[in-house]
Amino acid sequence: MPPHDTKILDFERPLADLEKRIADLERDGYDAGSDELRRLRARLAALEKKIFGDLSPWEQVLLARHPLRPTTRGMIAMICDEFRELHGDRLFGDDAAVIAGLSRIGDRRVVVVGHEKGRGTRDRLKRNFGMASPEGFRKALRVMRMAEKFGLPILSIVDTPGAYPGVGAEERGQPRAIADNLESLFGIRTPIVVVILGEGGSGGALALAIGDRILMLEHAIYSVISPEGCAAILWKSREKAPEAAASLRLTSRDCFDLGVVDRIIGEAHGAAHRDPEATAAAVRGAVLEEFDLLDELPPGALLRSREEKFDSMGSFEAE
C-alpha cells in the first residue's frame with residue numbers, strides 16, 4: 001500500500017507494510033502453508049493485538065472515524081436478512097442522514113433506525129456526514145412509534161458527529177425535535193436495543209440512543225461533545241483535541257465502567273474496518289441475545305427498567 005494512502009492511519013502503517021509483504025509473497029507463488037507465510041501471519045496477528053489493544057483515547061477517536069469503518073447501511077446489509085427503507089417525517093421532508101425501515105434478522109422481525117454518514121464524497125454530502133436535521137429525528141420517531149403500534153422491537157444504530165447545527169435546522173426546530181425524541185422514547189412500549197457503531201456525538205446521538213440495552217463497539221466513541229469542540233472551548237485551540245479526548249472519558253471501556261453502556265462488542269482482527277463481516281456477525285449475535293432477554297419483560301416492567309437505567313446515570317452520594 002502506498003505511504004500516502006489517506007485510508008491508513010499512522011498507527012496502522014506497520015500492519016499495512018506487513019500485509020503488503022504477505023500479499024507480495026502470495027503473488028510470487030508461495031504456498032499458503034509455507035513456513036514464511038505462517039510466520040508473517042502469526043506476526044500480523046500479534047501486531048494487530050498489540051496495536052489495537054493499546055490505543056490512546058485520541059487514536060480511538062481516529063479509529064471511530066476511519067473512512068473504511070462500516071456505516072449503518074453497511075451494517076444493516078450484513079446483519080439483516082431483509083430491509084425495506086421508509087422515508088419522510090410527514091411534516092417537512094426526508095433526511096438522508098437518518099435511515100429507518102422494516103427489517104428481519106433471522107426469524108425476528110424488527111424495525112431499524114440509524115444515522116448514515118455515507119460512503120464517498122458525493123454520498124457523504126447527500127447524507128450531511130450523518131448529522132441529522134429535525135426531519136431526520138422526526139422520521140426516526142415516526143418509524144419507532146410504528147414499531148410500537150405493531151409490537152416490533154427496535155434496533156437503533158448510532159453513528160454521528162452530532163446534530164446538524166445549521167441555520168435551517170434551527171429554524172425548523174432542531175432542539176425541539178431532539179427533546180421530543182428523548183421524551184417519547186421513554187414511553188415506547190417495545191424493546192429497544194441501541195448499538196453505538198462509530199461516533200456517538202452529543203444530543204444528535206442521544207436522540208436515537210434511549211433504549212433498554214446500550215451496546216457499543218470496541219473502538220466506538222460516545223461523548224457529550226467532540227474532542228475538537230471541547231478543546232476549542234477550554235483551550236481556544238483545536239490542537240488540544242488529543243488532551244480533550246483523554247479527559248472526556250469517551251472510549252467504550254470508559255463508558256462501560258461509568259455505566260453509560262451495558263456491553264462492549266469486540267471488533268474482529270483488531271478493528272471493524274479490517275474485517276467488517278466478522279464484526280457484523282458479532283453485532284448480530286449480541287443484538288439477538290439482547291432481544292431474547294428483553295422479550296421476557298412485560299411492557300410496564302420494560303418502561304420502568306428503562307427509566308431507572310437512565311436515572312441511575314451520574315448519581316453519586318455525598319460523603
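What is the handedness of the crossing of α6 and α8? I will come to that in a moment, after a word on where the values come from. We are looking at a predicted model, in which local features need pLDDT of at least 70 and side-chain atom pairs count only at pLDDT 80 or more, while totals for chains, interfaces and linings use all residues. Residues are numbered from 1 along each chain as its sequence is written, and side-chain values use heavy atoms, with hydrogens and water left out.

Helices and strands here are DSSP runs numbered from the N terminus, a helix being H or I with at least four residues and a strand being E with at least two.

Let me begin with the helices. The crossing of α6 and α8 is left-handed, a word used when the near helix is turned anticlockwise from the far one by less than a right angle, with clockwise giving right-handed. Helix α6 covers residues 134-149 and helix α8 residues 174-185, and their axes come within 8 Å and cross at roughly 20 degrees. Those axes are lines fitted to C-alpha atoms, for helices over the stretch in contact, and the angles run from 0 to 180 degrees between N-to-C directions. The two helices are therefore roughly parallel to each other, given that angles under 35 degrees count as roughly parallel, over 145 as roughly antiparallel, 65 to 115 as roughly perpendicular and the rest as oblique. On the α6 side the contact (heavy atoms within 4.5 Å) involves Pro-134, Phe-137, Leu-141, Met-144 and Arg-145, and the residues on the α8 side include Ala-177, Ile-178, Asp-180 and Leu-185.

Now to the strands, which I will follow through their pairings; two strands pair if DSSP finds at least two bridges between them. Strand β1, residues 82-86, is joined to β2 by 5 bridges and runs antiparallel to it, with Glu-82 opposite Arg-104 of β2. Strand β2, residues 98-105, then pairs with β3 in the antiparallel sense over 8 bridges, and one such position has Leu-102 opposite Val-111. Between β2 and β3 there is a hairpin with 2 residues in between, where Gly-106 in the turn has a positive phi of about 65 degrees.

How much of β2 is buried? Of its 8 residues, 6 are buried, so β2 is largely enclosed by the rest of the structure; buried means under 20% relative accessible area, exposed over 50%, and partly exposed in between, with a 1.4 Å probe and protein chains only. Strand β3, residues 108-115, is mostly covered as well, with 7 of its 8 residues buried.

From β3 the pairing continues to β4 in the parallel sense over 4 bridges, and here Val-111 has Ile-154 as its bridge partner. Strand β4, residues 154-160, is in turn joined to β5 by 6 bridges, again running parallel, and Ser-156 is partnered with Val-194.

Strand β5, residues 192-201, is where I would like to finish, with 10 of its 10 residues buried. Besides β4, it pairs in the parallel sense with β6, residues 213-217, over 4 bridges, and Val-194 stands opposite Ile-214 there. Strand β5 is also joined by 3 bridges to the parallel strand β7, residues 221-223, where Gly-200 has Tyr-222 as its partner.
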